[in-house]
Amino acid sequence: MNIDYEYFKLYLKYGISYLPNTLYMTLISLVFGVVLGSGIAIVRTYKVKVLNPIFTLLLATLKAVPTNLIMVMSSIIFTRNFINITKVLGINMKLREFNMLYLASFALVLTSVAMISESIRGALLSVPKVQYDAGYSIGLTKTQNFFRIILPQAFLVMLPSMMSNVISLIKMTSLASTLGVMDVLNGCLQKSGTSYRFLEAYLAAALIYWVISIILELIGKLLEKKLNVYRKQAL
Amino acid sequence: MGDFFKWSRVWEYFPKILSKFPITLEIVLGSFAIGLVLGSIIALIKINKIPVLCQLGSIYISYIRGTPILVQLFIAYYGIPVFVNSVLHIDVNGWDKMVYVYMAYGFNQAGFLAEIIRGAIISVDAVQTEAGYSVGMTGAQTFFRIVLPQATRIALPPMGTTFITLFRSTALAYMLGIMDIMGKAKNLGVTTFHTLEGYVDATIIFVITSIILEQIFNLLNKRLDYGKGRVVKQRKEVAAK
């Protein structure tokens, strides 16, 4: 096998130096995903009128469209209307100066909202009805009941699926490289054009993503173990 | 500016892009089949805890789950020729690009399906195997006649989910130059300078197909209930009385 380890190491270094961008995109899509996703999940779990069918339709669409397709379409619309957008916002900025990272994050948020709201909804639905009755019977209000009784229990159920969501998000950020964002994948690839050592570049990128995923998985397992203490006490 | 997006062009492009739908379907079905065969092998290796192979299987699954499909696709594209050339000494120059697409997506599916299959087989109660042995069945008979049918039922819902995910992820195959839905949409954009309409068509196709697939899997889940729903219903009726 003719794999050049020198190039592999070099690309690994380039890739790691762009790790903050990848993590930043993951963080943005995670935070927005959790905030918007929990809102949508609550609406759908408790079947809020009017909003429920709208969000159900929206989620079905978002889940079906590939993330890279959302990315490409939003980038076309955005770059085409960039001048108008800057006029409306009153900023003097050229398209060249705009960091495509935020555009990629926007597309990632759309996918992550669909993903995260589904796992929050699943967790909320997993709390038995009896728990609501128990809360109301001792005179808690709806909000008190939700935050003090339902949410803590749902959180334990949510944790494993949330961890796998984070890993999926990290993997998904690699799609941002198609927009020219300098993330781990593009960092690894940036100098491979001159050497034609594409395989080494992709292997280096794979290694970085793999290591991050393994670390996150370990953290998730550790958290689960720690939090399962509460569950055992309850039993 | 006014010519940027027109619905008339969306309708005009739709049949052209839809004509490439069979290629996307081909990729999905082909790689799912590869994934099913490979995944079953890995699952059986892991269940029987065959030394060395079992650990290799775990590493493989971890690699598939830990790296983006985009990276896996290109590793297959650049890596398989190197591997085949240097280890098996076969000339790969004449190989179609589709071969690498099948392999990349097939290997990807194998990793995910292996875990699903393993989980399903393990979840069948040990009592079921003992029951099979007690009526004088051999190990293979017990597995194929008692464990496997029950495991298939358990594996079906998660398999449906991975199938739909696979369908979505084929939207990356165009990066290797495959003329599927995405490739055609991009190609139309290059020749006519109107890219967005093609992508809108692709979105419509993806959404409709996903919804149809979801309905099919829901129907299958209900159909293959093997009376479980009936039993629950009967119990509820009894409880109501």
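**An all-helix chain and its partner**

From the N terminus on, the elements of chain A run α-α-α-α-α-α-α-α-α-α-α. In other words, the secondary structure of chain A comes to 11 helices and 0 strands. The model is a predicted one, so a word on confidence comes before the details. The predictor gives the complex an ipTM of 0.87 and a pTM of 0.87. Chain A averages a pLDDT of 87, with 97% of its residues scoring at least 70. For chain B the average is also given as 87, and 93% of the residues score at least 70. Within chain A, the lowest mean pLDDT among the elements, 78, belongs to helix H10 (residues 192-195), while the highest, 92, goes to helix H2 (residues 19-45). Where pLDDT is low, the predicted coordinates should not be read in detail.

As for overall dimensions, the C-alpha atoms of chain A fill a box of roughly 70 × 50 × 30 Å along the principal axes. Of the 235 residues in chain A, 36% count as buried. Among the contacts in chain A with a separation of 6 or more, 82% are between residues 24 or more positions apart.

Next comes the meeting of the two chains. Here 28 residues of chain A are in contact with 29 residues of chain B. On the chain A side, the elements that give two or more residues are helix H3 (51-64), helix H4 (67-80) and helix H11 (198-234). H11(A) gives the most, with 10 residues. Sorted by class, the residues on this side of chain A divide into 21 nonpolar, 5 polar and 2 charged.

One helix pair across the interface can be followed residue by residue. Two packed helices are described by the angle between their axes and the distance between the axes. For H3(A) and H9(B), the angle is about 105° and the axes are 8 Å apart. That makes H3(A) roughly perpendicular to H9(B), because angles of 65 to 115 degrees count as such. From H3(A) come A:Ala60, A:Thr61 and A:Ala64, and these meet B:Phe206, B:Val207, B:Ser210 and B:Ile211 in H9(B). By class, this contact has 5 nonpolar and 2 polar residues, and no charged ones.

Within chain B, helix H8 (residues 181-192) is worth a look. At 1.5 Å a residue, the 12 residues of H8(B) should span 16 Å, and the end C-alpha atoms are 17 Å apart, which agrees. The buried residues of H8(B) are B:Ile181, B:Met182, B:Gly183, B:Lys184, B:Ala185 and B:Leu188. What covers them includes helix H1 (7-18), helix H2 (21-47) and helix H9 (195-223) of chain B. H9(B), then, turns up twice: it is part of the cover over H8(B), and it packs with H3(A). Just after H8(B), B:Phe193 takes a positive phi of about 65°.

On the other side of H8(B), B:Ile178 is found in the loop between helix H7 (139-169) and H8 of chain B. Although it sits in a loop, B:Ile178 counts as buried because it has 22 C-beta neighbours inside 10 Å, and the cut-off is 20 or more. Leaving aside neighbours within four places in sequence, B:Ile178 is in contact with B:Ile23, B:Lys97, B:Met98, B:Val101, B:Ala173 and B:Gly183. One of these, B:Gly183, is itself among the buried residues of H8(B). B:Gly66, by contrast, is 112 residues from B:Ile178 in sequence and 25 Å away in space, C-alpha to C-alpha.

Some other loop residues are exposed. A:Lys47 lies in the loop between H2 and H3 of chain A, and its phi is near 50°, a positive value in a residue other than glycine. With 10 other C-beta atoms within 10 Å, A:Lys47 is exposed. Chain B offers B:Lys49, in the loop between H2 and helix H3 (53-66). B:Lys49 also has a positive phi, of about 50°, although it is not a glycine, and its 9 C-beta neighbours inside 10 Å make it exposed. Further along chain B, B:Asn93 has its place in the loop between helix H4 (69-88) and helix H5 (97-123). B:Asn93 is exposed as well, with 6 other C-beta atoms within 10 Å. The C-alpha atoms of B:Asn93 and B:Pro81 are separated by 8.4 Å, and the two residues are 12 apart along the chain.

Notes: Residues are numbered from 1 along each chain as its sequence is written. Chains are lettered from A and ligands numbered from 1 in the order in which they are written. This is a predicted model: local features need pLDDT of at least 70, side-chain atom pairs count only at pLDDT 80 or more; totals for chains, interfaces and linings use all residues. Two residues are in contact if their C-beta atoms, placed from the backbone, lie within 7 Å. Helices (H or I, at least four residues) and strands (E, at least two) are DSSP runs, numbered from the N terminus. Ala, Val, Leu, Ile, Met, Phe, Trp, Tyr, Cys and Pro count as nonpolar, Asp, Glu, Lys and Arg as charged, and the others, Gly among them, as polar. The expected span of a helix is 1.5 Å times one less than its number of residues. A residue is buried if 20 or more other C-beta atoms lie within 10 Å of its own, exposed if 12 or fewer, and partly exposed in between; C-beta atoms are placed from the backbone. Axes are lines fitted to C-alpha atoms, for helices over the stretch in contact, and angles run from 0 to 180 degrees between N-to-C directions. Angles under 35 degrees count as roughly parallel, over 145 as roughly antiparallel, 65 to 115 as roughly perpendicular and the rest as oblique. pLDDT is the predictor's confidence in each residue, from 0 to 100.
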